[in-house]
Amino acid sequence: MRYVTQKGTKDILPSEIHNWQIAEQTFADVCHSFGYEEIRIPTFEQTDLFQRGVGDTTDVVTKEMYTFEDKGGRSITLRPEGTAGVVRSYIEKGMSSLPVPVRMFYNITAFRYEKMAKGRFREFHQFGLEAFGAKGPDIDAEIISVVDVFFRKMGLQNIALHINSIGCPNCRGEYTKLLKDYFRPHVASMCEDCQARFEKNPLRMIDCKVDGGKDIVKNAPRLIDYLCDDCKEHFEGLKARLEAIGISYTIDPNIVRGLDYYTRTVFEFVSENVGTQGTICGGGRYDGLVGTMEGPETPGIGFAMGVERLLLEAEAQGVLKEKPSYVKIYIASMSEAAKIEALKICYALRNAGIGCETDMAGRSFKAQMKYAGKQGIPYLAVIGDDELNSGEVKVKNMADGSETPVKLSGIGEFLAGN
Ligand code: HAM
C-alpha cells in the first residue's frame, strides 16, 4: 500500500517552508506593531459553536464542515475558520473586562470540505485577527491598514481592496422584505439552495455559487442603497479614513461574504492570481456575534487571509525569497580522530548559535566534499592529522575560493565576523 496525501491537503516541504516562515514572522511583526497579541485556539470545538456563530444557512456550515462524533458521544467539528473560536474564548475567558479594543491575531489551520481548485484546499491556513469593543470606523480602517502594511512588507503590490456595507439588523429588515418581493416571481427557477435561502436567509441568494452569475441575481436591489443613517455614516467614516491614510479602494455592492455574522463593513482583497474566487483576504464587522453567542453585547471586527493564496500571489508577483542557508560551515574529516574533533567543534559552534554540519553518513573524504558543495554551504574546513597536530585549520570561503588559517578553537569567532 502506497500512502498518499488526502484530497485537499498538502505537505509543505523543507524546500518551501522558508517562505511560510517569512510570511508568519512578518504577519506577527505587523500585528504587534498595531498592538495585536497572538491567541492560539483549539483545532476543534463543539459543532454547535459554528452552527450558531457562522450561521446554519451558510455553505460552510451546511456543506463544508468536518463534523464527527467523538468517543464520548459529543459532536465535534474541525474549525472551518477562526472567528467563532476566538469569540468563544473572548466570552469564556472574560475578556470583556479588559481595556478596549481587545486585539488578537492568529495563525491557524482551517478545514472545509470544498471542491478542489487552484487556491482552494480542504485543509488550509489562515492569518487573521479580531478586535472587540470598538464600534466606530477607526478600527475598520485600522484592520484594513494591517493588511495593507503586511502586503507592503511582503513586497506585494496592487492587490485590490473592495469594500461594502451590509448594514445592521435595522436596515437589513426592510431590505430583506424588498429582496423577497424581488425574488418571489423567480424563485421557482432558481437552484435548490436558493429556494431554501429564500425562506431562511434571502441575503445569501446574492452570494449563490450556482445562480450568482445570472442577471436576476446581478440586478437584485443592493443593500448599500438601503442603509439606515447610522450605517451610512459609519461607511462614510470608513471611506474618509481610508482616503486620509492613502489606501485606495473600490466599492463593491456585491460583497456579502459567505458567513452570517457580518454587519456593516465587509471587505475583500482580491487578485486574479490566486484562483477562481480570487479572494486573498476577507473580513468585516460583526457587531451582533458576541451577543448571539451569549456574551455581553460587544462590537467586533476582523479578517482572515488564506496563506496558500497569499503565497500564490507572492509567487505570481515574483517576490518569493531564496531558501536561506542555515548551515554556515561544513567540517570535513580525514580520519577517525579528526571526526571526533569535528564533532567537538560542531558542538561548540552550535552552542554559539552558528549552523554547521559534519559527516553523519560515513562518507569518504571525496564524498564529503561533494556533499558540502551540493548543499551550497558557504564555508568549508578540512581536518586531518596535520590540523590535529598544529591545532590550526584553513577555512575556505566557497564563494571566492579564499582560505584563511584559523585556530581550531577560533572557528566560531572567525565565522561570527564574516
Ligand atoms: P473567509 O472569507 O471564509 O472568512 O475566509 C478568509 C480567507 O481564507 C479567504 O479569503 C481565503 O483566502 C481563505 N480560504 C477560505 N477557504 C479556503 C479554502 N478552502 N482553501 C484555501 N483558502 C481558503 C473567514 O474565514 C472569516 N473568519 C474572516 C473574518 C475574521 N471575518 C471576521 N473576522
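Guide: Two strands count as a pair if DSSP finds at least two bridges between them. This model is predicted.

Visitor: How do you know that β2 and β4 pair, and in which sense?

Guide: Set the count against the cut-off. At least two bridges are needed. β2 and strand β4 (residues 75–78) share three, in the antiparallel sense. Therefore β2 and β4 are a pair. In residue terms, E45 has T77 of β4 as its bridge partner. Q46 stands opposite I76 in β4.

Visitor: What makes β3 and β4 a pair?

Guide: The cut-off is at least two bridges. β3 and β4 have four, again antiparallel. So β3 and β4 pair as well. Y66 has L78 of β4 as its bridge partner. F68 stands opposite I76 in β4.

Visitor: What links β3 and β4, and which turn residue has a positive phi?

Guide: The two strands form a hairpin, with five residues between them. G73 lies in the turn, and its phi is positive, about 80°.

Visitor: What is the strand order in this sheet, and is the sheet open or closed?

Guide: The sheet is open and has three strands, in the order β2-β4-β3. Its pairing is antiparallel.

Visitor: Why are β2 and β3 placed at the edges?

Guide: Count the partners. β2 (44–46) and β3 (66–69) each have a single partner strand, so one side of each has no neighbour in the sheet. Neighbouring strands here are turned against each other by 30° on average, with direction ignored.

Visitor: How do you know that Q126, E130 and I280 make polar contacts with the ligand?

Guide: The cut-off is a pair of N or O atoms within 3.5 Å. A polar side-chain atom of Q126 is 3.0 Å from a ligand oxygen. For E130, a polar side-chain atom is 2.8 Å from a ligand nitrogen. I280 uses its backbone: an N or O atom there is 2.9 Å from a ligand oxygen. Each distance is within 3.5 Å, so each pair is a polar contact.

Visitor: How much of the ligand does the protein bury?

Guide: The protein buries 95% of the 660 Å² that the ligand exposes when taken alone.

Visitor: Which elements give two or more residues to the shell around the ligand?

Guide: They are β6 (123–132), β10 (279–285) and β11 (300–306). β10 gives the largest share, six residues. Of the 27 residues around the ligand, E81, E114, F121, E130 and Y262 come nearest. By class, the shell has 11 nonpolar, nine polar and seven charged residues.

Visitor: How does the protein's radius of gyration stand against the compact-globule rule?

Guide: For 418 residues, a compact globule would have a radius of gyration near 22 Å. The protein has 28 Å. The rule is 2.2 Å times the number of residues to the power 0.38, so the value lies above what the rule gives. Along the principal axes, the C-alpha atoms fill a box of roughly 95 × 55 × 40 Å. The protein holds 15 helices and 16 strands.

Notes. Residues numbered from 1 in each chain as written. Predicted model: local features only at pLDDT ≥ 70, side-chain atom pairs only at ≥ 80, totals over all residues. Heavy atoms only, no water. Near = heavy atom within 4 Å. Polar contact = N/O pair within 3.5 Å; in protein donor to acceptor, adjacent residues only side chain to side chain. Areas by Shrake-Rupley, 256 points an atom, 1.4 Å probe, with all protein chains shown as cover. Nonpolar A, V, L, I, M, F, W, Y, C, P; charged D, E, K, R; others polar. Axes fitted to C-alpha atoms, helices over the stretch in contact; angles between N-to-C directions.
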